[in-house]
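Me: Please take a close look at the salt bridges of this model, and then at its unusual backbone geometry.

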Amino acid sequence: MTTPARPPLSPPRPLGEPREWPASFADRLTSPLPGVTDFLRLALRGQRLRPPARTLDQLARLPVDPAPVPEVAPGDLSLTWAGHASFVVRIGGLTVLTDPVWSRRIVGTPERVTPVGVPWPEVPHVDAVVISHNHYDHLDAATLDRLPPGTPLLVPAGLADWIRRRGFTEVTELDWWEAVELPGPLGPVRFDFVPSHHWSRRGLTDTCRSLWGGWMLTAPGGPRAYFAGDTGYGHWFGEIGHRYPDIDLAILPIGAYEPRWMLHPVHTSPEEAVRACEDLGARILTPMHWATFLLSAEPPLEPLSRVTAAWEATGRPRADLWDLAVGASGVLPAGGQSAPCGIPFL
């Protein structure tokens, strides 16, 4: 069987261009959204979207090891975990924030159970922010308000108006498989918006009115890093890996997966995150979306023990699983070996 030809990447679109979008992106859903009957089923089973009380003593053992954001050369790739889906990524000489949430509490959940891994005054100058979708644990208005209004924000289709109403002037929204470039010291850094298995909603009446997805960041001549945002497991990982070969690092969610019958369409389990990394053809896996907010019913420490076991079962090098503590960093030197900084939680 011949391998399908790799589709050409789309040419970069202009930054900040005005766009028009459909009123709904519900046709992009890959699974039906939970409905009233699902929440009734949850209640009838006596289940909650919180860990069992008997497991909450694990909170004291969640890994926290803050250290300064490393200084790296323009050709290096580094990332520092601030918690949940928030990373300080340095690629191609640029500093990029992913889904920045520095607030202690978000709508609908208890306050964060670990401190922010990078105090805001220690965040380097931000060259760009990428947003995966508009759920409160990924799009935090209070954190965005800390940024200068001229900060470039790259967002999913349908979300630019919300961002601009907050005073930001450099806002670019993209559809799946579209890209933009930002200038870096070694040349342009490319940002591709790619599909995910998820959905969007911020209020009672805006379900799926903006898009959702992940981001592929590619520096001139490499390296290449993939930030999945929020996603369930499915066919998109193989398609992304086919279109974007030689992914050096994949940041994938491993938490918020129980009860499985309800959350599997939109949140990967630890084992599915490892499978997704293999589908992508990525070398390094960095887990996220755990150890910060209690969003679901699995015990707090379970995601990491399960992702570690699943990774070991593949026989892949242990050093390529960057199971970082909150506040820790990993550095991939240009053409070199991966080097987690701080103390990964083992």
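Reply: The salt bridges are described below, followed by the backbone.

This is a predicted model, in which local features need pLDDT of at least 70 and side-chain atom pairs count only at pLDDT 80 or more, while totals for chains, interfaces and linings use all residues. Residues are numbered from 1 along each chain as its sequence is written, and side-chain values use heavy atoms, with hydrogens and water left out.

Side chains of opposite charge can pair when their charged atoms come close. The structure holds 17 salt bridges, each being a side-chain nitrogen of Lys or Arg within 4 Å of a carboxyl oxygen of Asp or Glu. One of them joins R90 to E71, at 3.9 Å from N to O. R90 lies in strand β2 (residues 86–91) and E71 in the loop between α1 (36–44) and β1 (77–83), so this pair ties together parts that are 19 residues apart in sequence. Helices (H or I, at least four residues) and strands (E, at least two) are DSSP runs, numbered from the N terminus. R90 is buried at 13% relative accessibility, whereas E71 is exposed at 72%; buried means under 20% relative accessible area, exposed over 50%, and partly exposed in between (1.4 Å probe, protein chains only).

A further salt bridge, between D320 and R283, has an N to O distance of 3.8 Å. This pair links distant parts of the chain, 37 residues apart: D320 is in the loop between α7 (302–314) and β13 (329–332), and R283 is in the loop between α6 (270–280) and β12 (284–288). D320 is buried, with a relative accessible area of 11%, while R283 is partly exposed at 26%.

Salt bridges that share partners also join R13, E17, R19 and E178 into one network. Within it, the side chains of E17 and R13 meet at 2.5 Å, N to O. E17 counts as buried at 17% relative accessibility, and R13 is partly exposed at 30%.

Turning to the backbone, the peptide bond from G222 to P223 is cis, with omega near 5 degrees. P223 is placed in the loop between β9 (214–218) and β10 (224–227). The bond from E258 to P259 is cis, with omega near 5 degrees, and P259 sits in the loop between β11 (249–253) and α5 (260–263).

Although W177 is not a glycine, it has a positive phi of about 70 degrees. W177 belongs to the loop between β6 (171–174) and β7 (178–182) and is buried, with a relative accessible area of 16%. C208, not a glycine, has a positive phi of about 60 degrees. C208 lies in the loop between β8 (189–194) and β9 and counts as buried at 2% relative accessibility.
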